[in-house]
Amino acid sequence: FSLYVILHSSTTTGSASPVPNSYESVEGGGYSGTSLQASLRHLHPYSQPFPSLSELSSALGGLGGVSELEAETLRPVNLLQERNILPPKHAPPPEPNLSNDLRKVNCSPDTFRCTLTNIPQTQALLNKARLPLGLLLHPFRDLTQLPVITSNTIVRCRSCRTYINPFVSFLDQRRWKCNLCYRVNDVPDEFMYNPVTRSYGEPHKRPEVQNSTVEFIASSDYMLRPPQPAVYLFVLDVSHNAVESGYLNVFCQSLLDNLEKLPGDTRTRIGFVTFDSTVHFYNLQEGLSQPQMLLVSDIDDVFIPTHDNLLVNLKESKELVKDLLNALPGMFTHTRETQSALGPALQAAYKLMCPTGGRVSVFQTQLPTLGAGLLQSREDPNLRSSTKNVQHLGPATDFYKKLALDCSGQQIGVDLFLLSSQYSDLASLACVSKYSAGSVFYYPSFHHVHNTAQSQKFQKDLQRYLTRKIGFEAVMRIRCTKGLSIHTFHGNFFVRSTDLLSLANVNPDSGFAVQMSIEESLADTSLACFQAALLYTSSKGKRRIRVHTLCLPVVSQLSEVFAGADIQAITCLLANMAIDRSISSSLSDARDALVNAVVDCLTAYRANGSNIQPSGLITPAALRLFPLYVLALLKQKALRTGTSTRLDERVFSMCELKSQPLLQIMRMAHPDLYRIDNMTEQAALHLNDSVIPQPPLLQLTAEKLTREGAFLMDCGSVMFLWVGKCCNETFIRDVLGYPNYASLPSNMTEIPELQTMYSERTRAFISWLLESRTFHPAFHVIKDDTSAKTSFFQHLVEDRTESAFSYYEFLLHIQQQMSK
Amino acid sequence: MRLFQSRDLQLSQQSSVWIIPHERKMAFTFAAFCYMLALLLTAALIFFAIWHIIAFDELKTDYKNPIDQCNTLNPLVLPEYLIHVFFCVMFLCATEWLTLGLNMPLLAYHIWRYMSRPVMSGPGLYDPTTIMNADILAYCQKEGWCKLAFYLLSFFYYLYGYVEFKNK
């Protein structure tokens, strides 16, 4: 259910507050006064007459049943002896050791996840555990239920400006104590009335205090300017290369199909810019009979030919836009231009979008060769399999970075679609999206005829991209309990101040990560809280604040820290850190650092543990997958050496690891492998009249593959169905639609919809896997004897390759490093 | 100095006239002049160091935004380094080896710092996208304080040197 709370009140508070002049002051700042805490400590915190879930007491946290959970996560596992460490189903994220009341209202782990669910009390304890402390966020995720609060006043702490959340304590009816800075604040009168239950005097029952994920409707205090309309600009490469690849057809068709579904309202505006060696604008004024193209050939000093009608109101000029999209692919079929002036086109886009802000989608198919921001080909094909350092992972010029910063300042987000088959220096081009909070999409070897898999993926991705929710002119602030502080941010945004992130656009598919440190001891508190507040303008021009609050217990024992480790979150944070290190220092440094992370952590566990088995590699059960996940990261395209990897693909893999949400990263790093030719109804799920089989997860090694079977590997952005040579013919006939193995084509990219039970079951399973995904993966059916099988086998991370360890060898290597 | 003096005395013993050789007079004024110039320029360097410290503190307390701050700091980097190089060269010409030796580490540090700066088209060391990282910010602040200490010490050293040369 979605809760809409409407208060009987006048629209604005009609206050005389001064117009804020910067986003920092609009969103509120950090701690401004710290001396109040000492003077207020003498107030007894538990003297409230109302029993409420916001009663914070560490006594509630130590329930009997919880220690069993801890014992299970601390159970020592000898990795060298245990062959099957992968659980048959994905383990749920670890539950923090809190009372049931707090657990029920705590933020969903899909939105907010911490690497350590038990926060260490001091920095010394954290250093002893040798694990990174950080948060992984997915703040703008698509939610099925979101309480939206329309209230006159948004209740916030007076000193640290934290939003009221389920983990504050109410001292009595009129006062509440902030859980981040411990300041006592007054409860405003309007807050005493609860419109849901229509009762007065129970502020702790209000929806803001009952839900850890809420959305506030922001008043004009939170706006620097009237909320902007949705403005979309498409910058398209129309050089010969681009027309050859055929992406224009796919794009125009996709946009025509989705024109109605672009998020926005009646003020939505749209515009188009195309470029090859010159930049072309399109006049789409309402009264014209057909779109008019304006060509600017002076690319050293691009200017905007007319002031209006290049970005037009979508509703009014819809017919003209449709005409343009229908004509565009045909206009450039015979072009002979091979140069690409991307830099000047981006400068032109910036000038066009300056007054309003919005989203720019850039489609590029080759290296920019003309004008400002031109790039050279830096990749040496002979060094693709080099085991030594990989060069050119950073940008060659800061043109794109500076442009991104300018765009970010004007609330313009730039998304990049790179559809090239040759080296295009993605390392430099991606900067334009990284710092303006955009996304990067890469389709290597894109061709509409020769590579239909990529073409289909492009089309499906465009469908999602054009219709997904979007937020404009956003800022995000992450606040933590006093004593914790954030020191590094990972993701696509611009860090505007020590805890404020400036995001020109927010989209529901990007994730962020932050690293924290413990500045002061948390000994006097039993709970640590984190709050992420995202202030944005919706596509309908409404200013909203989405607030997520997470609460975790604080512990003082090293064993408890290990018990609460969230291995998936730790892996993702380490991946982010490794990528930063490989760009700032070198790839081999980053790889060594990853291995050292495992070695240090396991050494720390051994030094602390009482059960010392000299032989074997002992880890607590919570960390038993740590070496496996780190090995999988080392074999990722982003970080691997010794295997031939194109530089652009490597850089794209790095961009993905830094900007995708956690579940997608885990699938990329450690794909899910299932055997699907013999799925049974045993332990199947029964949903909506369909039976969804639940085959167990298999370890990623060729040992688990067999010639008589068919296996499905889910890698997040791509799925492989590997069919063994002797796979039973019933499967091939009933699911894939071919009489036998030999007749299977080598480039099948989808499973046909056949009426057999086998087919229904298989398709039900695959749809269930794809259910909560936003971007659908490309699908490939791979036969065992084709050359395409290398792309399947490279994901089998537990196996040995000529340049990398097998899983067992890696464990032995770690053991050897630990004994040094 | 003493060598000249003794030779002087020898000469004067012969002719009972206090004759000062021409070269010695030049060397004397040039070294003193160097120290005096170094003194004034170090005052400028102290000013730069203080500016840096204040700028990073402003960044840390969210008083200013990183893009503007980097745009003010970056143009100051090369002038500071060139001024320092300038008096190293001056001391080289004045054959003041001890003073030159004391400035060598700072010169090497400046060269290393500039060589390992992020990819940038204009002059400067500070990139607005990475400067807000807590470790980089802490490093720059420490650097500011260390340089301030160094320039203050060198200021007093040059003052002593100037006075000593002047009096000789």
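**Exercise 1. Describe the surface and the fold content of chain B in this predicted model.**

Solution. Begin with the accessible surface of chain B, which comes to about 9,800 Å², with 72% of that area belonging to carbon and sulfur atoms. Next, turn to burial: chain B has 168 residues, of which 42% count as buried. Then list the secondary structure, which amounts to 5 helices and 0 strands, in the order α-α-α-α-α from the N terminus on. Finally, consider the contacts in chain B between residues at least 6 apart in sequence, among which 73% join residues at least 24 apart.

**Exercise 2. Classify the ring pair A:Phe711 and A:Trp722, and place both residues in the chain.**

Solution. The count over all chains comes to 44 aromatic pairs. For A:Phe711 and A:Trp722, the ring centres are 6.0 Å apart and the planes stand at 45 degrees, so the pair is tilted. The angle falls between the two cut-offs, since planes under 30 degrees apart count as stacked and those over 60 as edge-to-face. As to location, A:Phe711 belongs to strand β32 (residues 710-714) of chain A and A:Trp722 to strand β33 (residues 718-723) of chain A, so the pair ties together parts that are 11 residues apart in sequence. Both A:Phe711 and A:Trp722 are buried.

**Exercise 3. Carry out the corresponding analysis for B:Phe87 and B:Tyr158.**

Solution. The two rings lie 5.9 Å apart, centre to centre, with 80 degrees between their planes, and the pair is edge-to-face. It links distant parts of the chain, 71 residues apart, with B:Phe87 in helix α3 (residues 66-93) of chain B and B:Tyr158 in helix α5 (residues 134-167) of chain B. To settle burial, apply the cut-off of under 20% relative accessible area: B:Phe87 counts as buried because its relative accessibility is 2%, and B:Tyr158, with a relative accessible area of 1%, is buried.

**Exercise 4. Which residues of chain A have a charged end over an aromatic ring, taking A:Tyr163 and A:Tyr741 as the rings?**

Solution. For A:Tyr163 the residue is A:Arg156, which lies over the face of the ring at 4.1 Å from the ring centre. For A:Tyr741 the residue is A:Lys783, whose charged end sits over the ring, 5.2 Å from its centre.

**Exercise 5. Summarise residues 227-466 of chain A, and describe the aromatic cluster that includes A:Phe234.**

Solution. In an unreviewed entry, UniProt lists residues 227-466 of chain A as "domain: Sec23/Sec24 trunk". Over these residues the chain is 32% helix and 18% strand, and the end C-alpha atoms are 21 Å apart. The members of the one aromatic cluster include A:Phe234, A:Tyr247, A:Phe363, A:Tyr465 and A:Phe775.

Terms used: Residues are numbered from 1 along each chain as its sequence is written. Chains are lettered from A and ligands numbered from 1 in the order in which they are written. This is a predicted model: local features need pLDDT of at least 70, side-chain atom pairs count only at pLDDT 80 or more; totals for chains, interfaces and linings use all residues. Side-chain values use heavy atoms; hydrogens and water are left out. Rings of Phe, Tyr and Trp (its six-membered ring) pair if their centres lie within 6.5 Å; planes under 30 degrees apart count as stacked, over 60 as edge-to-face and the rest as tilted. Helices (H or I, at least four residues) and strands (E, at least two) are DSSP runs, numbered from the N terminus. Buried means under 20% relative accessible area, exposed over 50%, partly exposed in between (1.4 Å probe, protein chains only). A charge sits over a ring if NZ of Lys or CZ of Arg is within 6 Å of the ring centre and within 35 degrees of the ring normal. UniProt positions are given in the numbering used here, feature names are shortened, and annotations may be inferred rather than shown by experiment. Contact means heavy atoms within 4.5 Å. Accessible areas come from the Shrake-Rupley method with a 1.4 Å probe; for residues, only the protein chains shown count as cover.
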